[in-house]
Amino acid sequence: MSWIANNWRLKLLALGLAVVLVFAVGYSQYPIQTVTVDAAINYNNTPPVSLVVTSPPATDKVTLSGLASDLRSAAVTVDVDLSKLKEGTAVAVTPRPHVTGQGVTVQSVTPITLKVEPITTVGLDIQVRASFINGWQLTKAQAECGGPSGQACKVTVSGPISILQNLAAYVVVDQPISGNVRLVPGSVVRFSRAGSDVDLTKVLAIPAITWDPSTVSAHVQATQGTETIQVALVDAQPTAPPPSGYHVVAVIISPQLISITGSPETLAGVTSITLQAVSLAGLTSDHTFTLRIVPPDPGIQLTVKTATVKYVIRPNPAVSPSP
């Protein structure tokens, strides 16, 4: 036994080094790793009455440590309790982690920042947006919610103040209107701000934004519109010319232009109005006719009902006989 007692310190050191070497070889094959992963956030409970969380993040950063194989099989989520939140634009909260799997340790959880603001309720007038066939003009457009016929209604929206500020509501009548009255039931209420659409179904809030009603009847009434243009008055070919030896040297019409009013369809293509034809038979000098202006369509209104047409008549020039 003397060989054990002799140089025992060196032998103990050698044994310790051997143990360290065994562990070093083992951990070189299966080292401990540290990774940071995205963990889904579970929001538990609801904020205190009259408060709402706006645009809460969906994930949080969590740092884990463990063997590579354990980390690959582990799943991590975090919980946030909303029941004790206070109002604020940047409320810091540290989520509570939950890890499934063996040999994995949570090293750290990144705090998240929440916007907690008051809930507000607003009543918005519902605009009716409709397109019309050319010539028809809107005279009435209102949303009706199923109450007394002809009674306009509003949509009531509840949600964060920052989301509802300057919000507008509207419905769309897709088919062009070409009749006097039209009732379109089941029109979906939509929202916009400063001319840009806002889809409240995609706005994240806890509790969620609500509005009522979600659909209404769009009551649209239109009348056929009119416009006014200027056209020229034109003389017609006389039914009979002046007597032999006389001819017309000028035709003077007064007024030369008149204004006419009608629907765009009626006025389309109308650039002039031809006056009724007259007979110049037996006339050997200037003569003025007062003629009634007849519109080319009964739907056209005239600003002037009559016009004067002066025919300037002269004898034919004498012709010298040829030699």
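## A salt bridge between Lys 61 and Asp 38

Let's start with a pair of charged side chains. In this predicted model, Lys 61 and Asp 38 meet through their side chains in a salt bridge, with 2.7 Å from N to O. The two partners sit in distant parts of the chain: Lys 61 belongs to strand E3 (residues 59–67), while Asp 38 is in strand E1 (residues 32–44), and the two positions lie 23 residues apart in the numbering.

Are these two side chains buried or exposed? Neither label quite fits. Lys 61 has a relative accessible area of 42%, so it counts as partly exposed. Asp 38 is partly exposed too, at 48% relative accessibility.

## Other salt bridges

How many salt bridges are there by this rule? The count comes to four. Another one joins Glu 117 to Lys 115, where the closest N and O atoms are 4.0 Å apart. Here the partners fall into separate classes: Glu 117 is buried, because its relative accessible area of 8% is below the 20% limit. Lys 115, on the other hand, is partly exposed at 33%.

Then there's Arg 314, which forms a salt bridge with Asp 286, the closest N and O atoms being 2.8 Å apart. This pair also ties together distant parts of the chain: Arg 314 is in strand E24, whereas Asp 286 lies in the loop between strand E21 (272–274) and E22, 28 residues apart. Arg 314 is partly exposed, with a relative accessible area of 38%, and Asp 286 is partly exposed as well, at 32%.

## A three-stranded sheet

Strand E24, home of Arg 314, also turns up in an open sheet of three strands. Reading across that sheet, the order is E19-E24-E22, and the pairing is antiparallel. Which strands stand at the edges? Those are E19 (246–254) and E22 (287–292). Each has a single partner strand, so one side of each is left without a neighbour in the sheet. From one strand to the next, the twist averages 25°.

## Where E22 meets E24

Now for a look at one pairing inside the sheet. E22 and E24 (residues 306–315) run antiparallel to each other and pair over six bridges. As a general point, strands of a sheet pair through backbone hydrogen bonds, in either a parallel or an antiparallel way. To find your place along this pairing, look for Thr 288, which stands opposite Lys 310 in E24.

Conventions. Residues are numbered from 1 along each chain as its sequence is written. This is a predicted model: local features need pLDDT of at least 70, side-chain atom pairs count only at pLDDT 80 or more; totals for chains, interfaces and linings use all residues. Side-chain values use heavy atoms; hydrogens and water are left out. Two strands pair if DSSP finds at least two bridges between them. Helices (H or I, at least four residues) and strands (E, at least two) are DSSP runs, numbered from the N terminus. Axes are lines fitted to C-alpha atoms, for helices over the stretch in contact, and angles run from 0 to 180 degrees between N-to-C directions. Buried means under 20% relative accessible area, exposed over 50%, partly exposed in between (1.4 Å probe, protein chains only).
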